[in-house]
Every structure is written in C-alpha cells, then in structure tokens.
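Here's a quick, friendly tour for anyone meeting this structure for the first time. Take a look at the picture, then read on.

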Amino acid sequence: MTASEVKHLLGLAPHPREGGWFVQTYAAAETVAPSAFGDSRYSSPRRTSTAIYYLLEPETFSEMHRLRSDEVFHFYAGDPVEMLQLHPDGSGQTIVIGNDLTQGQRPQVLVERGVWQGSRLAAGGRWALLGCTVSPGFEYEDYDSAGRDELAARWPAFAEMIAALTHR
C-alpha cells in the first residue's frame, strides 16, 4: 500500500498546524468543566477524549509543539517514526514508534501534557500511519508551538533534531 492509497481510503487531509496528514475519528460527547482540573489550563469545557489518524511521509514532519492534555500515540502501519520529547525539567529523549519490539521500538507512546514533542519518519521510511488519542480532548487553543532558537537554547543537546522538526 502507498501513502496516497492510505490518505484516500481514510479521507486524510493536510494537518493545518503541525504538518502531516490527519482526520479526526472520535470526539467524545461528554465534556468536563474547566474547574474539574484544579488549575487554569482550560478556558472552556473539554471533551473527555478525542482521536485522529495521523500519517507522515518523508517530506512531512510533526513540528515541535506541546499540548495542555496527555496524548497517546498508536502505531498502525508503515515504517518507524522518531519522536523527540523535551521535558519541562530540561531533559529530553528520542523514542522510536514502531512494531519491532526487539529493536526497542514501541507501538504505543505517551506524551504527557506540557512536554514538547515532534516526530518524523525514521531514515529511509516511506510512510507511517499512527493514531493519536488526547484526553482531555484536543482543541486547537491548547496547542503551543515555539521556534527552533527558543527550544535549542533550552535543550542544546537536541539542537540538531529540533532544527529538523521546526519550520522557523
């Protein structure tokens, strides 16, 4: 199967913010009031959960961003994906999302709220189909991006990958 076939069969469209291709597959009908979280990170009610299909190709990447909710990535098909996570404490890590467990790849990866993240296909990859589940549910107002200089200044050990996962 090709990336074009997957995009057609699943009805994927260009992601308007982070890059890659997506379609929302689920948005819970139930919502939670902002006061239920004990902080001020949400300005309005949030769905309890949302989910999307997400596809990457060699010329696309998921730009560095962070969310106000936890996000779980699920690997479905294609080639492995490298994910960079930059934590608030100044640490960072690269995780490979894929199905070759003997090579340390993981088919499910958590990104905790407030962690900067970005992803790209592993070298030589043609395409990858992932799923992303966000809880509380995703809203575009909960999406923050930053420039490469700002991120590289805080996480200099990851400057090369930050540059590959940012547009500016």
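## Surface and overall build

Accessible areas here come from the Shrake-Rupley method with a 1.4 Å probe. On that basis, the surface of the chain adds up to about 8,400 Å², and 50% of it belongs to carbon and sulfur atoms. Keep in mind that this is a predicted model.

As for the fold, you'll find three helices and 13 strands in the chain. Measured out along the principal axes, the C-alpha atoms fit a box of roughly 45 × 40 × 30 Å. The radius of gyration is 16 Å, which agrees with the value near 15 Å that a compact globule of 168 residues would have.

## Inside the chain

How much of the chain is buried? Buried residues come to 44% of the 168. Long-range links do a lot of the counting too: take the contacts with a separation of 6 or more, and 74% of them join residues 24 or more positions apart.

Now for charges. The chain carries 14 positive and 21 negative side chains, and the centres of those two sets sit 3 Å apart.

## Aromatic pairs

The chain has three aromatic pairs. One of them is Phe-37 with Tyr-42: their ring centres are 5.0 Å apart and their planes meet at 65°, and since an angle over 60 degrees counts as edge-to-face, that's what this pair is. Tyr-42 is buried, because its relative accessibility of 5% is under the 20% cut-off. Phe-37, at 24%, is partly exposed.

Another pair is Phe-138 with Tyr-140, with ring centres 4.9 Å apart and planes at 80°, so it is edge-to-face as well. Tyr-140 is partly exposed, with a relative accessible area of 34%.

## Where two loops come together

Which loop holds Phe-37? Look between β3 (31-32) and β4 (46-47). Setting aside its neighbours within four places in sequence, Phe-37 is in contact with Val-32, Tyr-42 and Pro-136.

That last partner, Pro-136, belongs to the loop between β12 (128-135) and β13 (143-145). Phe-37 and Pro-136 are 99 residues apart along the chain, yet their C-alpha atoms are separated by 9.9 Å. Pro-136 has one more detail to check out: the peptide bond leading to it from Ser-135 is cis, with omega near -10°.

Methods
Residues numbered from 1 in each chain as written. Predicted model: local features only at pLDDT ≥ 70, side-chain atom pairs only at ≥ 80, totals over all residues. Heavy atoms only, no water. Helix = DSSP H or I, 4+ residues; strand = E, 2+ residues; numbered from the N terminus. Rg over C-alpha atoms; globule rule 2.2 N^0.38 Å. Buried < 20%, exposed > 50% of the residue type's maximum accessible area, 1.4 Å probe, protein only. Contact = heavy atoms within 4.5 Å. Lys, Arg positive; Asp, Glu negative; His and termini not counted. Charge placed at Lys NZ, Arg CZ, Asp CG, Glu CD. Phe/Tyr/Trp six-rings, centres within 6.5 Å; stacked < 30°, edge-to-face > 60°.
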